[in-house]
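Here is a short report on how two ligands are held by a protein chain. Look at the sequence and the structure first.

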Amino acid sequence: MKLLVDAGNTRLKWQLCGDRNVVHSGFVGLDADEPFSEITRWSGDIERIAVSTVISEDKRRHLQSRLEALCAAPIVFHWAESRRGGLVNAYTDTEKMGADRWHAMYGAWSAGPGGFAVIDAGSAITVDYVSGSGKHLGGYILPGKQMMLRSLRQDAARIGFDTRDARAGEPGASTTECVQHGLVWLWESMVARIQADCARFGLERTIVTGGDAEALNNAGLSATHEPWLVLVGLAAIDQERELE
Ligand SMILES: Nc1ncnc2c1ncn2[C@@H]1O[C@H](COP(=O)(O)OP(=O)(O)O)[C@@H](O)[C@H]1O
Ligand SMILES: CC(C)(COP(=O)(O)O)[C@@H](O)C(=O)NCCC(=O)O
Ligand SMILES: [K+]
């Protein structure tokens, strides 16, 4: 079996894959003591480990040591690339691009024809646009939901609010409503801009992934929700690299 790992700044997402299908999957907090405790029962069957990560080098080394403790299988880290299979990265310095963005784009590119927007609502929110010919038009990086709420709590003395999730972007009449509706209001504005950009660039598909994907869809994005998109792209690339 192959173990696929997507290590973002908040959570580790993993899948154990047989020849044709995903056998087990899960996610765990990035800083969990034993992030792979759920997987140890299958460690003897793991023949290869492929990783997509955006975490710090210290955390990457710790992740590698946790994987080495799990099993003896080779561990391959995959990073953003300048091109693959007709997909061409807009970045000239691809080393600076988060691996998750490239793998999510490749997952969407491999899924079918037509230009697309891919949104990853994670610790940060990333938006990337790819034309029907596979040209990455570029993208955006914005603070994620918890980052925005945390900055309000930490950097403003008199803002105390509940963590209740709002679904409306109506004007708020309390601190909690102003904060929670403000988040939805911002997302509704972002959604409207993404939809206008898709019309402008002729992008037929919109795909969303990440822990806040459903919340973004509730704010009107109405995109195809692919929770494992990064790992779909990582799996395809790792398989191609194995055969190279
Ligand atoms: N069980 C969960 N644990 C942590 N964050 C979660 C969870 N469920 C949803 N989220 C939301 O998902 C976001 C993190 O998404 P995720 O895709 O895991 O991030 P990353 O890829 O950056 O690690 C957080 O901002 C949070 O709002
Ligand atoms: C923007 C990101 C932090 C998103 O990662 P995540 O929210 O999944 O932790 C990650 O893609 C990243 O570290 N990018 C590097 C900068 C860039 O892509 O230009
Ligand atoms: K991510």
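## Two ligands and their surroundings

The shell around ligand 2 divides into 5 nonpolar, 6 polar and 3 charged residues. The model is predicted. There are 14 residues around ligand 2. Nearest among them come Asn9, Tyr91, Asp100, Arg101 and Ala124.

Three polar contacts of ligand 2 can be listed, each to an oxygen atom of the ligand. The side chain of Arg101 brings an N or O atom to 2.9 Å from an oxygen atom of ligand 2. Ser123 uses its backbone instead: an N or O atom there lies 3.2 Å from a ligand 2 oxygen. Ala124 also contributes a backbone N or O atom, at 2.9 Å from an oxygen atom of the ligand. Taken alone, ligand 2 exposes 470 Å², and the protein buries 80% of that area.

Where does ligand 2 sit? Ligand 2 occupies the largest pocket. Two elements give two or more residues to its shell: α2 (99-111) and β9 (124-130).

**Ligand 1**

Which residues surround ligand 1? From the N-terminal part of the numbering come Gly8, Asn9, Thr10, Arg11 and Lys13. Further along are Ala121, Gly122, Ser123 and Gln146, then Gly210, Gly211 and Asp212. This shell divides into 1 nonpolar, 8 polar and 3 charged residues.

Asn9 places a backbone N or O atom 3.4 Å from an oxygen atom of ligand 1. Arg11 works through its side chain, where a polar atom lies 2.6 Å from a ligand 1 oxygen. Gln146 also offers a side-chain N or O atom, 2.8 Å from an oxygen atom of ligand 1. Taken alone, ligand 1 exposes 570 Å²; the protein buries 74% of this. Ligand 1, too, sits in the largest pocket.

The contacts are set out below.

| Ligand | Residue | Part of residue | Distance to ligand oxygen |
|---|---|---|---|
| Ligand 2 | Arg101 | side chain | 2.9 Å |
| Ligand 2 | Ser123 | backbone | 3.2 Å |
| Ligand 2 | Ala124 | backbone | 2.9 Å |
| Ligand 1 | Asn9 | backbone | 3.4 Å |
| Ligand 1 | Arg11 | side chain | 2.6 Å |
| Ligand 1 | Gln146 | side chain | 2.8 Å |

**The domains**

How is the chain divided? There is a domain 1 (2-77) and a domain 2 (113-227). Their C-alpha centres lie 27 Å apart. Ligand 2 has a shell with at least three residues from each of these domains. The shell of ligand 1 likewise draws at least three residues from domain 1 and at least three from domain 2.

How values were computed: Residues numbered from 1 in each chain as written. Chains lettered and ligands numbered in written order. Predicted model: local features only at pLDDT ≥ 70, side-chain atom pairs only at ≥ 80, totals over all residues. Heavy atoms only, no water. Near = heavy atom within 4 Å. Polar contact = N/O pair within 3.5 Å; in protein donor to acceptor, adjacent residues only side chain to side chain. Areas by Shrake-Rupley, 256 points an atom, 1.4 Å probe, with all protein chains shown as cover. 1 Å grid on protein atoms, 1.4 Å probe; cavity = no way out; pocket = protein on both sides within 12 Å on 5 of 7 lines; lining within 4 Å. Sits in = over half its atoms within 2 Å of the grid points. Helix = DSSP H or I, 4+ residues; strand = E, 2+ residues; numbered from the N terminus. Nonpolar A, V, L, I, M, F, W, Y, C, P; charged D, E, K, R; others polar. Domains from an automatic or database assignment.
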